[in-house]
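Q: Can we go through this one together? I'd like to start with how the chains meet.
A: Fine, let's put it up and begin there.

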Amino acid sequence: MTAVDQKQLQEFKQQAEAWFAENTPREVDFMLPLTFMEVGTDQQFEFLRAWQNKVYEAGYLGAHWPKEFGGGGLDRAFQDVATKAMAAERTPIMLNAIGLNWTGPLLLDRGSEEEKKKYIKGILSAEEIWCQGFSEPDHGSDLGNAQTRAVREGDEYVINGSKIWTTQGNYADYMILLARTNPQAESKYKGLSFFLSPMKGQGIETVPIRKLTGEYGFTQTFFDNARIPASCLMGQEGEGWLIAMQTLEYERGARSGQAGGHVMMSADPADILELARHAQINGKPAIEDPAIREELVALMTEARALGLNSRRDKIQPLAQDRPMSLALGSKLASTDFYQRLNAFAIAMQGTRAAYYVGDPQAHDNGVWQRGYLNSFSATIGGGTSQIQRNIIGEHVLGLPKG
Amino acid sequence: MSALINAGLTPSIGLSEEQAQLIDIAQNFCRDKSPIDQVRKLLDDDTGFDPAVWREIAELGWLGIGVPEEFGGIGLGLGELVPIVEQMGRHLMALPFVSTIVAAQAILHAGTSQQQQKYLPALASGTAASLALCEENADWDLENISCTASQTDQGLVLSGRKFLVTDAHQAELFIVSVRYDDKPALVIVPRAALAEGAMSREKIIDDTRRSYALDLNGVCVDADSLMEQAKAAETLAYIELASSLLLAAEMVGGAYNVIDYTLDYLKTRKQFGKLIGSYQSLKHTMVDAHMGYERARSHLYSAAYLFDQQGEGEVAVRMAKAEANEAFSFAADRAIQFHGGFGFTYDCDAQLYRRRAIWCSALHGDARYHRRKLADLML
Ligand SMILES: Cc1cc2nc3c(=O)[nH]c(=O)nc-3n(C[C@H](O)[C@H](O)[C@H](O)COP(=O)(O)OP(=O)(O)OC[C@H]3O[C@@H](n4cnc5c(N)ncnc54)[C@H](O)[C@@H]3O)c2cc1C
């Protein structure tokens, strides 16, 4: 990439801001998902699919992905600016998160020409929805032990087994699938392979699972002698673990290349200040309570550190003592933070803490209660906070494995 | 201020060329000059630091970084010093560095031009100075002063007692806060003006440091030793922020090394046939300590970057001091625990860091103090 043309970037930024200001849907008469993991109704799905498509057509998604595959061919700085504009405008989220944020970058980094041609555009336009088939009922954190089988038969692989917690599984056209091709391999890792598997076909069934919020958003996925073309194999047989680990690096933010666009609406720490002004505790606005004030400041300080950490990571002399520390730590730091932020917001509400979405007594229509429950999606999904601590302890601090 | 936060903008962080170079230079210098054997040797030394090292620092020009060129310095902002103090903190150095720097900045702020000409070139080139601000009231509010100064025929006569005057024994001059005309004022007191026995060494928690109580009763200095009184309150506020920034740097440095020190033990000590670092209650706690350190370091360099900016600088510095206090305290506290019985000994370095964390939090405000100030600025 050549140096970014600042004037062009500035113009792009203004256009993006104006476009989102004008085109962001305002009066939506049903509840929109806060994250891509909460798409629970067809109405939500169709709405978000159309919205992502519109944003893409306007040039504000994948702006830095190669033109030949459907991207905008610009520098990454352009997409960053567009993504910021979306977040600032609090637009609905980008639906096809698994495609945009991990399948897409994975394909661009290590996919074949053919794979890139086939998949990238559909990811950006939301015409083809992606899901991720890693976790299994008996193997979650211990992903390397996944047992779903893939057996080569002529030009096909025959898949048997079950995946679970498959976000958007019921809507997906494709799955990034981790399956065992060689149960006799010298290690459990070496027996795994990675597939770009179609989801619509005989022998593939998805069953929605109800989440702790009462809504839907993920499925269990059953493979019963499902036949997929052998060309769905990514890389070579036995490279599944390697590719899955690379995928998780995009997912955890330790590796970049994402199409951009915001896929999670995290509570803006500033919103909690608003709540503190109108929530009453002991007959006074919560914001007047000294203990609450102190905690609010602590949370604002922590929120600010999240942003500063990622900026500091780009300043080499300030990020070299323990390489990868800031990148590998960002998921743990931010997901734990948002969980505590939501929990604290509930604790400021006096008896109203007891209400939930839909009750007129609920503060902010129960967004904090719902947000808190949903926050576990991020502290569990993508590798739990405990697993993140293992990873940081071992890979950043060099502590021995347990 | 709250507009900035409400807009969800992340405040800036950056690094100048000079700072980037200083990180490397200071890292090597501090590692060479302050290995742990040397730190321990100095624990029983009256001075508490090696004068030869101090002279080298003066020769490197570090004392003049924040002093304008016309007074023999380089004229950069205070934030430029953060990498140096951070490295000093890593290696538990104890020098009159921060006190001399802050004293020079105070004179730059509120000294008369005559005082600036008289003192700044000396401070930029190796004359040590200290600040006498704390009193019996144990208050972090630097305007809560009961020591006094009044003009007499002989000159300016001081009264009262000051505490926690660091490295007073090496300081050639003191910036002393007093009430004058019943308002806060700052006076420059040369060492020679102190009576015999006016200085008494204090027993403090940080064994690497030297601190003194100062008896001001009977001290008489030239009438023109008073700094510009109209600027006194603003200068006291500046001193608090400048000291907080540099203390935060020292603590962030300390946190890094105490984590490193503990990791070494966790990678070599075995129990139940396994390296203790493989146990998650230790491993995960070390991760939490490390993440706290990373947060504090980000805030530190943001504060260094924003220091000179009105309003934003204060928010950033207070956040940095609060985070550094907590990160260093937690890391050092767990360091003692994770060394087991050895952790309880004087020989284990964990205690050196833990004691220092308490010292650094005790000066210019602990985390709660800064959060309360921040609440008033931000909420
Ligand atoms: C909302 C949501 C969406 C998801 N979407 C997807 C998806 O699209 N595709 C997909 O493949 N998966 C998805 N997941 C699954 C997710 O990746 C797994 O739930 C996660 O990896 C944990 O696995 P598990 O559920 O089997 O829990 P377990 O692995 O059984 O963990 C149970 C508990 O034990 C702890 N634990 C386990 N091992 C260790 C250890 N070694 N050290 C310390 N503690 C340990 C865990 O932290 C956890 O607290 C999703 C999960 C959620 C919640």
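Q: Before anything else, what does contact mean here?
A: Contact means heavy atoms within 4.5 Å. Keep in mind that this is a predicted model.

Q: OK, so how many residues of chain A are in contact with chain B?
A: In chain A, 43 residues are in contact with 51 residues of chain B.

Q: And what area is buried between chain A and chain B?
A: About 4,300 Å² is buried between them, and carbon and sulfur atoms give 63% of that area.

Q: How many salt bridges cross that interface?
A: The rule finds 9 salt bridges between chain A and chain B. One of the salt bridges joins the side chains of A:Arg312 and B:Glu294, with N to O at 2.8 Å. There are also 18 residue pairs in polar contact between the two chains, counting pairs with both residues at pLDDT 80 or more.

Q: Which helices of chain A supply the side that touches chain B?
A: Helices H7 (269-278), H8 (290-312), H9 (325-347) and H11 (385-396) of chain A each supply at least two residues. H8(A) gives the most, with 15 residues.

Q: How do the residues on that side of chain A divide?
A: They divide into 20 nonpolar, 11 polar and 12 charged.

Q: Back to H8(A). What span should its 23 residues have?
A: At 1.5 Å a residue, H8(A) should span 33 Å. The end C-alpha atoms of H8(A) are 32 Å apart, which agrees.

Q: Is H8(A) mostly covered or mostly open?
A: Mostly covered: 18 of the 23 residues of H8(A) are buried. At the start of H8(A), a side-chain oxygen of A:Asp289 comes to within 2.9 Å of the backbone nitrogen of A:Ala291.

Q: New topic. Where is A:Gln52, and is it buried or exposed?
A: A:Gln52 sits in helix H2 (residues 42-58) of chain A. A:Gln52 has a relative accessible area of 0%, so it is buried.

Q: What lies 2.9 Å from a polar atom of its side chain?
A: The backbone oxygen of A:Leu124 lies at that distance from the side chain of A:Gln52. Beyond its neighbours within four places in sequence, A:Gln52 is in contact with several residues, including A:Leu61, A:Met94 and A:Ile123.

Q: What about odd backbone angles?
A: Most residues other than glycine have a negative phi. A:Trp165, in strand S3 (residues 156-167) of chain A, has a positive phi of about 60°. A:Asn225, in strand S7 (residues 216-229) of chain A, has a positive phi of about 50°.

Q: What are the relative accessible areas of A:Trp165 and A:Asn225?
A: A:Trp165 is at 45%, so it is partly exposed. A:Asn225 is at 48%, so it is partly exposed too.

Q: Salt bridges again. How many over all chains?
A: The count comes to 45. Among them is B:Lys33 with B:Glu56, the closest N and O atoms being 3.2 Å apart.

Q: Why does that pair tie together separate parts?
A: B:Lys33 lies in helix H2 (residues 17-33) of chain B and B:Glu56 in helix H4 (residues 51-60) of chain B, so the pair links parts that are 23 residues apart in sequence.

Q: Which residues do salt bridges with shared partners join into one network?
A: A:Asp321, B:Glu86, B:Arg90 and B:Arg297.

Conventions: Residues are numbered from 1 along each chain as its sequence is written. Chains are lettered from A and ligands numbered from 1 in the order in which they are written. This is a predicted model: local features need pLDDT of at least 70, side-chain atom pairs count only at pLDDT 80 or more; totals for chains, interfaces and linings use all residues. Side-chain values use heavy atoms; hydrogens and water are left out. Buried area is the accessible area (1.4 Å probe) that two parts lose on being put together, summed over both. A salt bridge is a side-chain nitrogen of Lys or Arg within 4 Å of a carboxyl oxygen of Asp or Glu. A polar contact is a pair of N or O atoms within 3.5 Å; within protein, one must be able to donate a hydrogen and the other to accept it, and residues adjacent in sequence count only if both atoms are side-chain atoms. Helices (H or I, at least four residues) and strands (E, at least two) are DSSP runs, numbered from the N terminus. Ala, Val, Leu, Ile, Met, Phe, Trp, Tyr, Cys and Pro count as nonpolar, Asp, Glu, Lys and Arg as charged, and the others, Gly among them, as polar. The expected span of a helix is 1.5 Å times one less than its number of residues. Buried means under 20% relative accessible area, exposed over 50%, partly exposed in between (1.4 Å probe, protein chains only).
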